[in-house]
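Biologist: I'm new to this one. Could you show me how to read it, feature by feature?

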Amino acid sequence: MSVSSPFKMRLVHLDLKGAPPKVSYLAEVFPLFRALGANGLLIEYEDMFPYNGHLRLLRATHAYSPSEIREILHLATLSELEVIPLVQTFGHMEFVLKHDALAHLREVALFPNTLSPHEAESLALVRTMIGQVMELHPGTRWLHIGCDEVYYLGEGEASKQWLQQGQNNKAKLCLSHMKAVASHVLAQHPTTTPLVWDDMLRAIPEDQLSASGVPQLVEPVLWDYGADLDIHGKALLMEKYRECGFSRLWAASAFKGATGASQALTPIEHHLRNHMQWLQVAGGGPVDMLQGIIVTGWQRYDHFSVLCELLPVGIPSLAICLQSLLRDCLHLRLVSGGFAEDVKARVEDFLGISSLEITDFASEEAASFPGSDILALVTQVSLQLRSSVDALLERDSLLARWSALEQELQAALRRVFYPDAVEEWLEENVHPSLQRLQGLLQDLSEAAGPPPLLASPCPDTGQDP
């Protein structure tokens with residue numbers, strides 16, 4: 001297969017702030033990512049990075065060890081996937097600022113999502129985080145420093161005072177922090193280019209953006225996960241960035257985690273349309289500006305949000321999206337359902353899957369890719385559990401059936417994810433319905449006579465449901 005794509009770099013985004021996969025699972029899927037057309041990874045470690053020293057408190061319970069980070073990088077190298085680490089340095093800092101020891105660095109005291117750009121300690125914190133990440137990623141060509149969705153910027157007391165002085169405004173406040181972080185990266189690592197999400201830059205006037213010096217320091221990542229993105233508007237935005245002095249741009253699409261905070265199954269057609277439209281943007285924007293595309297796969301909308309689609313569940317969507325990026329969009333001929341026949345056939349072959357219809361995923365024999373058993377079981381839970389409980393077609397046998405499936409799913413999840421992620425997903429998606437079913441059956445049994453002995457819907461939790 002010849003590779004023809006307007007995106008030289010095609011990165012799969014691993015969002016580790018929820019349900020981070022075990023290294024053993026990454027070893028299985030990295031070769032698949034490469035076979036599907038990816039040539040890089042954007043790894044958003046968040047609290048899965050093994051921060052040390054006074055930052056050790058940032059580590060999650062199952063944070064990777066330094067040796068596991070090195071193993072992940074080795075596995076990526078074996079699959080010819082270039083790794084770009086992502087370190088949040090402005091917005092989405094909940095995993096840092098939730099800790100009492102660092103809460104004084106919040107922009108607004110009540111909210112842990114945004115770092116105050118006024119505190120010298122804020123920049124020192126960010127520098128330390130970057131230093132520790134870069135120590136385990138020597139020679140990386142890019143470092144993503146986040147800077148998206150900097151909510152409440154300008155609303156802290158220090159910011160309010162600063163904004164009353166001279167010509168100060170929120171755009172200047174944002175650009176000054178972004179410039180300080182990017183300048184530090186380049187001073188310490190001259191061969192590493194910082195990337196930033198572009199949403200905080202979009203509305204800044206061209207003259208202010210040009211004069212800030214930021215365009216000479218970073219490469220913006222234009223993100224849009226919609227199925228109906230504004231193609232012409234994106235081309236105009238790319239042209240604006242070019243005129244402001246940015247030499248390279250990136251695009252960001254989504255293969256999962258962008259259609260609902262608690263989404264369990266991935267709407268493949270939505271994500272395919274998103275990629276088709278990004279291909280049209282690439283074909284109509286400034287020539288040779290696009291460095292690549294980041295195919296994002298969000299696991300939580302933010303650090304405190306619930307889990308959305310698990311990685312194994314999103315792999316069919318990732319496959320069709322990556323394969324679609326290898327085509328010339330100007331000659332793309334779609335068939336019913338939005339899939340091109342040759343792309344559909346290649347994906348089905350790669351995944352050992354007979355169909356890309358969600359309802360066909362419920363069979364555990366329907367696919368053979370790593371984690372396909374999780375996809376099958378999650379599909380059964382999502383499509384059948386709640387409806388079967390609502391219908392209450394049977395009594396004890398219904399509970400036994402779903403309790404057995406829950407245990408099978410739990411075992412499958414534990415092969416890929418750490419125990420806290422397994423428990424969280426089951427608590428959100430399985431246990432409420434099973435508890436409701438058990439309660440109903442208990443009520444019915446008590447009304448009819450002595451209650452039967454029922455299997456617990458929450459095995460191995462060590463606590464009452």
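Modeller: Let's go through cores, helix packing, some buried residues and a few backbone angles.

Modeller: A word on the source: this is a predicted model, where local features need pLDDT of at least 70, side-chain atom pairs count only at pLDDT 80 or more, and totals for chains, interfaces and linings use all residues. Residues are numbered from 1 along each chain as its sequence is written, and side-chain values use heavy atoms, with hydrogens and water left out.

Biologist: Which residues touch the most other members of the largest nonpolar core?

Modeller: The general idea: a nonpolar core is a set of buried Ala, Val, Leu, Ile, Met, Phe, Trp, Tyr and Cys residues joined through side-chain atoms within 4.5 Å. Buried means under 20% relative accessible area, exposed over 50%, and partly exposed in between, using a 1.4 Å probe and protein chains only. Here the largest core has 135 residues, and Phe30, Phe33 and Trp425 touch the most other members. Helix H10 (residues 311-325) gives the largest share of this core, nine residues. There is also a second, separate core of 16 residues, with Trp223, Trp250, Ala252 and Ile294 among them.

Biologist: How do you number helices, and what is phenylalanine 33 in contact with?

Modeller: Helices (H or I, at least four residues) and strands (E, at least two) are DSSP runs, numbered from the N terminus. Contact means heavy atoms within 4.5 Å. Leaving aside neighbours within four places in sequence, phenylalanine 33 meets Val12, Leu14, Ala38, Leu41, Leu81, Leu318 and Leu322.

Biologist: And how do I read two helices packed together?

Modeller: Two packed helices are described by the angle between their axes and the distance between the axes. Axes are lines fitted to C-alpha atoms, for helices over the stretch in contact, and angles run from 0 to 180 degrees between N-to-C directions. In this model, H4 and helix H6 (residues 170-188) pack at about 40 degrees, with axes 11 Å apart. From H4, Leu123, Val126, Arg127 and Ile130 meet Ala180, Val181, His184 and Val185 of H6.

Biologist: Is valine 133 buried or exposed?

Modeller: Valine 133 counts as buried because its relative accessibility is 1%. You'll find valine 133 in helix H4 (residues 120-135). Not counting residues up to four places away in sequence, it touches Phe49, Tyr51, Pro85 and Val87. Over in helix H6 sits histidine 177, which is buried too, with a relative accessible area of 5%. Its contacts, leaving aside neighbours within four places in sequence, are Thr89, Phe90, Leu115 and Pro117.

Biologist: Which side chain does glutamate 44 join through a polar contact?

Modeller: A polar contact is a pair of N or O atoms within 3.5 Å; within protein, one must be able to donate a hydrogen and the other to accept it, and residues adjacent in sequence count only if both atoms are side-chain atoms. Glutamate 44 lies in strand S2 (residues 40-44) and is buried at 3% relative accessibility. A 2.9 Å polar contact links the side chains of glutamate 44 and histidine 13.

Biologist: Where is the positive phi of about 50 degrees?

Modeller: Glutamate 46 has it, although that residue is not a glycine. Glutamate 46 is in the loop between S2 and helix H2 (66-78). Cysteine 147, also not a glycine, has a positive phi near 70 degrees. Cysteine 147 is in the loop between strand S6 (142-144) and helix H5 (157-163), and is buried at 0% relative accessible area.
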